[in-house]
Amino acid sequence: MSVATLQRDVLSVNAELLEGLMAAPETAVSGAPLPCPNGAAIIILGAKEPKEPKEPKGR
Amino acid sequence: MIAERLRAAYEASAADLARGALGVLRGAGGTAVVADHLEAAQAGPPMAADAGGVDAGGVAAAVSAVRVLGADVLAPYVLVDQRLPPEESAAVCLCVSALPPVRQSPAAPPGGPEAPWIRAWIDWGLVTVLAGLDPAARPAAAVVPQQPPRCDDSAPRHRTGGGSDGDGGEGWVPWSLRMGQLASLALPGLDSPVHHLARCGVLALARGATRAVLRGDFATAARITRWLAWLAADGVPLPVNVSLLVREIALRGHDGGRCTLDLAIARRLLGEEGP
């Protein structure tokens, strides 16, 4: 039985590597250009956090 | 260079194992995916030696794959109520004994490093699910690790840290990402402080899954969505349509491996059949 055979082998599991895979961070946002028409980059000023909606003025 | 090759080998093995588990879940594969995975690794060519000069071999990568996937390798048996074959139980026990779970819980972040603590939780999930499926199995014991920081929906979204002692919670971005890393715990039959915090963090999980989809990080989106599906199965009202979310992620992020496995498990949790 292969499992019994494996028990006799030396299994060297890299703990640090294992933990690194388990705690893998989120994927970085792609740097690929957006499918925009030419010149659109001039208009797009860069990603910004959306602003909080303003409180409506009292009437 | 060698470390990079080893990492690539471990990742490839985990992806391969995820495909095998997916096959069992769909009823298209064998019934002893872990045992078959170890056998195939043993029969394959050796890998590069690690930094210590020890021949890691494909077997080490295969064992690591089981540990990385955690309870997900047993998810098909939990979700379709299939009997766990004895050779499968023995194979999982072997993988646990190759690097026994920690005997003392590492400190939860931000009090300690994140990686060992996440490993402790994933190991706990694997050992607990195995004990549920095969009470006769005797894997190495896994302690219940320290609970994660709680999430504060009103905190700045990127705030890290926070304390379980009432010092203010964590922002939903890091909190939901961490829950995604613990997605293998989102299975029926498991309950822990992590699950309790998931019930308290519905909005944060919905935000986290949506953010991941908008960023094109479908692997993370699938993992966070696992929790949403688990909550739906638990009867918790959700602010998003999880079925639609699963469908969207599947359409754009299908990889045939771990992401697809997460989505298949989510569908099962939602009571939806099919891939």
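How many helices and how many strands does chain A have? In this predicted model, chain A has 3 helices and 0 strands, and its elements follow one another from the N terminus as α-α-α. Chain B likewise has 0 strands, with 12 helices, and the order of its elements from the N terminus is α-α-α-α-α-α-α-α-α-α-α-α.

Burial was computed for each chain. Of the 59 residues in chain A, 20% are buried, whereas buried residues account for 56% of the 275 residues in chain B. The exposed area of chain A comes to about 5200 Å², of which carbon and sulfur atoms supply 59%; for chain B the exposed area is about 10900 Å², with 54% supplied by carbon and sulfur atoms. Within chain B, when contacts between residues at least 6 apart in sequence are considered, 68% of them join residues at least 24 apart.

Open and enclosed spaces were then examined. The largest pocket has a volume of about 730 Å³. Its lining consists of 31 residues, and those closest to the centre of the pocket are A:Leu21, A:Ala24 and A:Pro25 from chain A, together with B:Ala219 and B:Arg223 from chain B. Two or more lining residues come from each of several elements, namely helix 2 (15-22) of chain A and, in chain B, helix 1 (2-26), helix 7 (172-181), helix 10 (218-233) and helix 12 (258-269). Sorted by class, the lining of this pocket comprises 13 nonpolar, 7 polar and 11 charged residues.

A search of the whole structure for enclosed space returns 1 cavity of 30 Å³ or more, and the space in the largest cavity amounts to about 30 Å³. Chain A is represented in the lining of the largest cavity by A:Glu26, while chain B is represented by B:Ser176, B:Leu177, B:Gly208, B:Arg211, B:Ala212 and B:Arg215. Helix 7 and helix 9 (202-215) of chain B each contribute at least two residues to this lining, and helix 9 of chain B gives the most, with 4 residues. By class, the residues that line the largest cavity divide into 2 nonpolar, 2 polar and 3 charged.

Helix 7 of chain B thus appears in the descriptions of both spaces, as an element that gives two or more residues to the lining of the largest pocket and as one that supplies at least two residues to the lining of the largest cavity.

How values were computed
Residues numbered from 1 in each chain as written. Chains lettered and ligands numbered in written order. Predicted model: local features only at pLDDT ≥ 70, side-chain atom pairs only at ≥ 80, totals over all residues. Heavy atoms only, no water. 1 Å grid on protein atoms, 1.4 Å probe; cavity = no way out; pocket = protein on both sides within 12 Å on 5 of 7 lines; lining within 4 Å. Points joined across faces, edges and corners; volume = space filled by probe spheres on them. Nonpolar A, V, L, I, M, F, W, Y, C, P; charged D, E, K, R; others polar. Buried < 20%, exposed > 50% of the residue type's maximum accessible area, 1.4 Å probe, protein only. Areas by Shrake-Rupley, 256 points an atom, 1.4 Å probe, with all protein chains shown as cover. Contact = heavy atoms within 4.5 Å.
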